[in-house]
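Subject: Structure handover

Hello,

Please find the structure below, followed by notes on one sheet and some salt bridges. Keep it open while you read.

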Amino acid sequence: MKKILNLLLVITLVITSVAFPRPVEAARSYPNLVRSKTEAQWKDFIQRLKATKVGSEAGEEVEVSLKPSPTFKEERVSGNLVIEVGQVAREIVEVKSSDPETLSAKVVNKSTVRLKRGFGTNSKVSISVKYKLAWKFDLRMGSISSFQYYTENSNGYPAIETEFSESMEMKIPLGFLLARNAKYVLGEKWNTASRSRMMVSATDTDGSDVPYSDGRVGSSNPDEVKKALKDDRIDKLFKASVELVFASVGGTVTSISPVEAKYGNAIVLRGYEYGPRDSAGVFALIEENGNPKIIATSGKSTDNEAIHSSFPGKFYVETALYSMNQHTELALDKSTPTMVIKANGDDKKQDFLNRWGASRTLSVNYGDVFKAKEAEGKIGYTQDSTYTSLNRYQQPKEIFFEVTKNGYRPLQINQLTFKGLVVPPAVKKEAIEKEVKTAIDKNKQATVTFDKITDYPDTTHDGFQDVKVQVSEKLTSGNKAFFTYTIPVVVKDTDDQSDDQFILTAKNITAYSNQLANKTSDQLAAFILKQSQAQAWEKNKQTPSEKIKVITTDLKPEFGTYQATLAIGKLRKEISINVLASNNMIDLTIPKSLAFGSTDVDQGQIVSPNYEIKNRSKTKVKVVLQQVKTATKSSIKLVHVNDPDPVNVSESARLFLKGNEKFAANKIPLDDSTANQELGTLDDQAKTSVSLSGQYFGDYSSRQNLAMDLTFKFEVLH
């Protein structure tokens, strides 16, 4: 049924003369004024149309109708008179949809728009409406002041028609889906739970929340992701755009999630990096359901080339796990790993990674220790995907890590470095321990502390030895890890020469010219080696070396002082040779060593046998004690001649060299200050004896040793 909207059309005309426009001409001149008189009803219609809730399921319909306008009359008298009575009809003649598959539109009875939901999935559809205005009217106009007026109606004219159109956008209830940037790490599973990280929310058309686990929500699996997966775990770093899809009641909606897989917490092992590849793989530390796991992954590349082709048939890489589950203390260098895998340089990358447990997965515990070892030391680690190279470490080819909740923690326990220790013969264990502690402190690793010495060096003679030292490091779990170092020790007196390979000792010589006469250079060299008591010790060998040579000497069978250079390997030692004239040759028989002792029965009194000194020379000889030097291996200290006797028990002694017979008048105190003390004179072919006496002030609970060198000087008297 055609609806006629009646209203008063007020057209303001300024009457300046009696020549009024014809009614039809007036209506045609002011169509927008005519339209304006029905604008309120039209706006109401459009607002209701825009606010209409479109159906969420296909086939649902909704209608919006145009309300009829009432007929009314308006008279206005003010200066000019305009009285207008009109009838206006508005008809909807056409309605169009920009996407009829999503939302179709139809005109019903010229006054109603019917919207019908389709199967389309556009979230917005534009609807345009075209309508027509038609009107007739009576018009009276005049001037009150002059009593002039004009009246005419439009009954004799056809209705005036004008068309208008308007467009609007309709929102289609498709449901709502919002994706976000998602971060992943190597080793974690690519499953529903992890993929849900890409979605912020999904809401159906009725406002209900839909979880990612709902079967209507899913995601694409682009090639970048497919190629990065192994056994449903992330095996390779990647970046990709993943499309999320939600099949809501109102239709399918999508959203894009930028996705990236990074290192996370991992040990990164590199080798021959002809491109970004992490040639020995990445051992990622993840947590699943509260349980830590180490996953062997490919890292930057899933290639299966040789780890390092420059090491064919040679060791290149090793990884191992030391379980602390049953331990509070563990010696890492002496324990067998729970898991260990190794590879040569020409082994394939994937073949190496496949050795790391079933599906390359190993369950671990926080507090366990992981070891990475490489021939070139190209070891690094990541925390929250930030990479740190460990080539700055002192021992970068083998590094231990503690497994913690915050990732891998590099340990310092095997990163100490030591220079060889130099100690004198017979040094005490306490002194060695002090040297070791000082060497540990020089490393400035506060987490590593001295624990004990497990093997002391043999210091009974010169030579190359080792001391084995155990250190410890406290883990964040409260447990302790131990590691043993073997530190080289050089045992030698201060006058001895040494390098990394040899120790060389030799004494200065005094000889007579007739001993050197008519000797070849080889014979002179042999003489020098014998008389200087030259000895050498080679590293890793327990017996003296016979490789000593005399490489230079200016020695002649003439009175004077000469030099000789002894050598073994690259090591050199200079000695002096004093040559005396043969007519001044002294021939004495003296003891090479003097034995003495003391017992508690004798209340510390020192006694010794008498030792003979015989002058075989053909001249009178004066005997002088030139020097007394306590050997470093001595455990008893000599009391100085001017010092009082010790009050308390101490490992010390007061000692005298006592002359007998021809030397009976002399008793020389022995300590490091003794110098040039005359013992006596012996005629040619005469003899006498000497002995040691004194007092020992120590206890007798253990055997003590007093060692010293007595240097005598002999002078020919004519």
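Which residue in strand 16 is the bridge partner of Gly218? It is Val245. Please keep in mind that this is a predicted model.

The sheet

That residue pair belongs to the contact between strand 13 and strand 16, which run antiparallel to each other and share three bridges. Strand 16 covers residues 238–248. Both strands sit in an open sheet of four strands, and the order across the sheet is 11-17-16-13. The pairing in the sheet as a whole is mixed. At the edges are strand 11 (182–185) and strand 13 (217–219), each of which pairs on one side only. On average, neighbouring strands of this sheet are turned by 30° against each other, with direction ignored.

The salt bridges

How many salt bridges does a search of the whole structure find? The count is 28. Three pairs and one network are described here.

Glu288 and Arg233 form a salt bridge in which the closest N and O atoms are 2.5 Å apart. This pair links distant parts of the chain: Glu288 is in strand 19 (residues 282–288), Arg233 is in strand 15 (residues 233–234), and 55 residues separate them. Are the two residues buried or exposed? Glu288 counts as buried because its relative accessibility is 13%, and the cut-off for buried is under 20%. Arg233 is buried as well, with a relative accessible area of 9%.

Glu402 and Arg409 form another salt bridge, with 3.1 Å between the closest N and O atoms. Glu402 has 0% relative accessibility, so it counts as buried. Arg409 has 23% and therefore counts as partly exposed.

In the third pair, Glu715 forms a salt bridge with Lys622, and the closest N and O atoms are 3.4 Å apart. Glu715 lies in strand 51 (residues 708–717) and Lys622 lies in strand 45 (residues 620–630), so the salt bridge ties together parts that are 93 residues apart in sequence. Glu715 counts as partly exposed because its relative accessibility is 36%.

Finally, which residues are linked with Asp204 in a network of salt bridges? They are Asp214 and Arg216.

To look at these in the viewer, you could start with Gly218 and Val245, then go on to Glu288 and Arg233.

Regards

Notes. Residues are numbered from 1 along each chain as its sequence is written. This is a predicted model: local features need pLDDT of at least 70, side-chain atom pairs count only at pLDDT 80 or more; totals for chains, interfaces and linings use all residues. Side-chain values use heavy atoms; hydrogens and water are left out. Two strands pair if DSSP finds at least two bridges between them. Helices (H or I, at least four residues) and strands (E, at least two) are DSSP runs, numbered from the N terminus. Axes are lines fitted to C-alpha atoms, for helices over the stretch in contact, and angles run from 0 to 180 degrees between N-to-C directions. A salt bridge is a side-chain nitrogen of Lys or Arg within 4 Å of a carboxyl oxygen of Asp or Glu. Buried means under 20% relative accessible area, exposed over 50%, partly exposed in between (1.4 Å probe, protein chains only).
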